[in-house]
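Here are my notes on this model, written as numbered points. Have the structure open while you read.

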Amino acid sequence: MAPTAPSPAKSASPSQPSGKSEVSDLKQQLRQLAGSRAPDADDQRRDVFKRVISCMTAGIDVSAAFGEMVLCSATSDVVLKKMCYLYVGVHARAHPDLALLTINFLQRDCRDQDPTIRGLALRSLCSLRVPNLVEYLVTPLTTGLKDPSAYVRMVAAVGAAKLYHISATTCLDADLPAALKALMLSDPDAQVVANCLHSLLEIWTLEAANSEAAGREIETLYSKPVVFYLLNKIKEFSEWAQCHVLELASKFLPSDNNEIFDIMNLLEDRLQHANGAVVLATIKVFLHLTMSMTDVHQQVYERIKAPLLTLVGAGSPEQSYSVLCHLHLLVMRAPMLFSSDYKSFYCQFSDPSYVKKLKLEMLTAIANESNTYEIVTELCEYAGNVDVPIARESIRAVGKIALQQYDVNAIVDRLLQFLEMDKDYVTAETLVLVKDLLRKYPQWSHDCIAVVGNISSQNIQEPKGKAALIWMLGEYSQDMHDAPYVLENIVVNWDEEQSPEVRLHLLTAVMKCFFKRPPETQKTLGATLAAGLADTHQDVHDRALFYYRLLQYDPAVAERVVNPPKQAVSVFADTQSSEIKDRIFDEFNSLSVVYQKPSYMFTDKEHRGTFEYSEDLANLTVGAEAPETVISAQRYQENDNDLLLSTSDKEDNGIRSSNGSYTSTYNAPSDLLSSQTPAETALINPGSSTYSTQTNFSLDDLLGLGVPDTPAPPPPPALALNSKPVLDPPTFQKKWGQLALSFSQECSLSPQGAASLMNPQSLIRHMQSNYIQCIASGGQPPNYKFYFYGQKAGAAAVYLVECIVNTASAKAQLKIKVEDGTTADAFSTLFQSVLSQFGRS
Amino acid sequence: MISQFFVLSQRGDHIVFRDYRGEVPKGSAEIFFRKVKFWNEDEAEEAPPVFNIDGVNYVHVKVAGLFFVVTTMVNISPSLLLELLQRIARVTKDYLGVLNEDSLRKNFILVYELLDEVIDFGYPQTTSTEALKSYIFNEPIMVDAGRLPPLGPAAMFMQGTKRMPGTAVTKSVVANEPGGKKREEIFVDIIEKISVTFSSSGYILTSEIDGTIQMKSYLSGNPEIRLALNEDLGIGKNSSSTHDYRSSSGGGSVVLDDCNFHESVQLDSFDIDRTLHLIPPDGEFPVMNYRMTQEFKPPFRVTALIEEAGPSRAEVLLKIRADFPANVTANTITVQMPVPSYTMRASFELEAGAVGQTTDFKEGTRRLEWNLKKIVGGSEHTLRAKLTFSQETHGNLTKEAGPVNMNFTIPMYNASKLQVRYLQIAKKSKTYNPYRWVRYVTQANSYVARL
């Protein structure tokens, strides 16, 4: 059939229709065409339908035309049918009554002679998403699963999952999962098998929250007969279904090594697939299967290197990005393995910046004795690059490599050359690095100071670079001839200095300089302290005051605080814990690898993917304790992008170690506070949180809002909990099994609390802020299940809680098990009081 | 599980928008577009292809200036999504002949039809152009490819060599020829992207070839095809040592680091005679991707010099020598060189009798640009430029300028020497003799000379 001839202007610009008048115009035309039997009526209808869909695409609300669209849809023209189904699928939810009108002809089409029409109708029928129409779905779905055409069975298999989402009970009552399972193990068509697998996994994973039988069904899917059955058919599947089957296989637990080798031999040629997703899915199977066999695991790394590098170059930059993210993960785990392939990670001119950044990180990771010279030479080329962000990253990379201790000698020379390039951002980045280097390798101070001394602070605009220079001026004032005078010049311009960070460093540097060269600095110190005390920035003001009083109290003590003997920094903080890295590795070939975060940090529980989630305690995902470590890691990073403890932190350490009594008196300085987690702060001030809640209550009352009608929270109990209890899921599970139930009760949540449970994470956070940690959670609205634990402060005894919350009734079922029976009541009171406060603050 | 798929124009208009699971909050396309548009504006960085906003994962690829995007709420394989997006773009191109904003807008109903079959409830179904044919009822509306700027690697064949029918590669797989008869033909393109970095002394620091054997078949009845490559082709870095006796006599054997294959390819006899057997599916697809880091002769030698010529002046000399046979011609050559940021003016001096060459000083990005329409093998070209600075230079000019970057396309040339020895199509009858086109092309990926 020739293309229809709609007026070109209309069809060519689907995104600029005029809105409301357009919709009423379309309704008008549809009405006229509804009963038309003119020979070209279908063509005209096509034209109008097209315009309706183009409006829909542009985001214009065309739901008003629903009735007219339905009236026009009684047609034998397939193209018209498809457009109509597309429209109905989008709008049926908003018009459940009118959607009923479409049921009739959809059901009729489900019995059409042509399998294409049957499949099409069944797919559209299941996509309506209208709860009160589910009764019409069951029969076509059951027949569809038995249809002679593979196309229809394929549609029906996915349709079952769609039905489950609209009405789980209808789907289960019709016994569709059983039919899917039978079909999965017998159907000759690979796509039907794949779709059955998709649907079964989705249904049982969601169902697992409510029934144990579902958990067993999931286990069956991961069992040897199913996994081997699917793997043996692997080549019949489409590449996308292959990925899914491989994902399933990566979770399979083989019973002996022969099974592992069988699987690996079977999948060996998948590594040569042109589709990167298939290759990565295969690699995941290989890596996970061989975890316990160190030698084979190493061989796998060797084997996958070449295919991965080929994928980097083969596809679009976006595809190589994803592959590079995975390579990055592997490089971090096995830097040695890639050390001879360093040239593959050189930046190419055409690489987008997101690819270049990753490559720089990889070059940093694989630098070792044998390749450092080449890598650093290459990085130095980028430092002068016109691409400023990459130039900066390259300089940082050079610094990081230097801190890894390879060939420091040459690198210091290179860094000093950067300073001669006389580009402001290069100088600033380099100064930060030189500062860090000096703290690790004080022996280089002479070479560096000679060069750094020649840099005028006026030429550096960036606060970080300026702060680094000032730190060096203070720290090495004995070696830098004109340090006091340079500092003096900077102090003169105190008011023009925008960055509080720089002003803080200036205070400290002048102090240091004063103790080393008192006569030359005294005047400047006076001016600095005066300026600091008058500063409007709280931190700067506080530090100035602190120094001032310290000097008043005893200059000798002050010197010990400001200029303690320093040790070279040997190890610097790793920003990511190894536990988190392992979890990311567990989630190989997923978005976690791209974000460099495990899935629980960026995904809702309910969306965590079919494989991550299980209600069974044995496979519980670790709940809330990890995010906290990450938060503090991020916080740490914010304070301290240069990887080493910032100067202020180190001084504070100095305070603590050299003169303990000052710590308690002077814990007000800002950097001390900022380096603490809120939990710690609260620890210093016990009872502050309860105090603030009470204040809130009285404030509510004052504002005339009335006291909330729920009973007032019980008085704060005496039991103190450890702010950072430690318990891993297996131990939890073991203890839960061993301990007797010491307390079981139903208690009620505040209405606000029940409402806040729309997001279960909020409860986890709330409990966490009261030192009760979540180890696992799950469920679907309105029922949620949480496992919490706490630990008595200063003792090893733990408290375990199972908490089942129903948001509809705002009730919680508690089961508490304790190790130390004497505090059982205290803990349960505390837990209930904390729970009842949820949502009120 | 994919939640939504959409295609946005460069201005952020929805061209197609399909929601598969109804779980992503409204306005996701707008959220996506804003994020991509204003990604780290100060640093002018490009948004990465994968990011997460408020729990929604956005994964996109850029094809023909359009954003192909999927959203998902679950933690699934990013590679799967990116490969799928590229595949959807390719299948669409197979159907429409040309993939660009205009052709998509004209055929958006057909694209919806495709999307309906390619993804169901967020699960990828079939992406085979051929399998999809029986479910697609719309006829593609052709856009005039001639008036459009060429896109993609195939477009390079439209210029130059006359032997090739210009419209062949922009022909839809499903649409009929104006005459009503389908022309039996098959295209095999060996496309190589080469990356070379020269040091300041002209020494080759790194060199790599990323190659693809791409096929586009318009053959009816799916005949089997045999594609024979160089007999002495080695694969894997270690293979050269095992085949030493061969390479020492021939001296010119091709050794690939690694390669991968399309799933339709049967490799049964590949290890013996380097022949690929396949039944090509309809549409365009890569038969084989390969990577080579073995040394090869770079097609161009580039030398660049910058020298001080007075207190606030400098002279630049760029020289290109084409190191390939005279019967081969490179086209659309661009040479770019960043100059010191304090450069105010540049004046150029082309060689005597230069034809089809243009020069420009881009003030915004401080680059010299030199365009050459074509370069014949064996020839040499030079450009001199005088720079005027707004301040006195302080010493090291070479640290402030460069590196020189070059872009080019060389049809009927491949740097790796990988050859298709023959392309055999299983005969259906004595008169069956379809057109076969085996074409080579080399493109610069990253061709850099340092100062």
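1. How many of the 14 residues of α20(A) are buried? Twelve would be easy to miss by eye: 12 of the 14 are buried, so the helix is largely enclosed by the rest of the structure. Buried here means under 20% relative accessible area, exposed means over 50%, and partly exposed lies in between (1.4 Å probe, protein chains only). Helices (H or I, at least four residues) and strands (E, at least two) are DSSP runs, numbered from the N terminus.

2. Some housekeeping: this is a predicted model, where local features need pLDDT of at least 70 and side-chain atom pairs count only at pLDDT 80 or more, while totals for chains, interfaces and linings use all residues. Residues are numbered from 1 along each chain as its sequence is written, chains are lettered from A and ligands numbered from 1 in the order written, and side-chain values use heavy atoms, with hydrogens and water left out.

3. Back to α20(A). Its buried residues include Y354(A), L358(A), M362(A) and I366(A), along with K356(A) and K359(A). Among the elements covering them are α19 (317–333), α21 (372–383) and α22 (388–403) of chain A; contact means heavy atoms within 4.5 Å. The length checks out too: at 1.5 Å a residue, residues 353–366 should span 20 Å, and the end C-alpha atoms are 20 Å apart. That expected span is 1.5 Å times one less than the number of residues.

4. Over all chains, the search finds 58 salt bridges, each a side-chain nitrogen of Lys or Arg within 4 Å of a carboxyl oxygen of Asp or Glu. Take R31(A) and E68(A), which meet at 2.8 Å, N to O. This pair links α2 (residues 20–34) to α4 (residues 66–72) of chain A, 37 residues apart. R31(A) is partly exposed at 47%, whereas E68(A) is buried at 11%.

5. A loop-to-loop case: K235(A) and D269(A) form a salt bridge at 3.0 Å. K235(A) sits between α14 (224–232) and α15 (239–250), D269(A) between α16 (257–267) and α17 (276–289), 34 residues apart. K235(A) is exposed at 55%; D269(A) is partly exposed at 31%.

6. Do look at E381(A) and R450(B), with closest N and O atoms 3.7 Å apart. E381(A) lies in α21 of chain A and R450(B) in the segment after β26 (435–449) of chain B, so this salt bridge joins two chains. E381(A) is partly exposed at 37%, while R450(B) is buried at 10%.

7. Lastly, R392(A), E393(A), R396(A), E429(A) and E462(A) are linked in a salt-bridge network.
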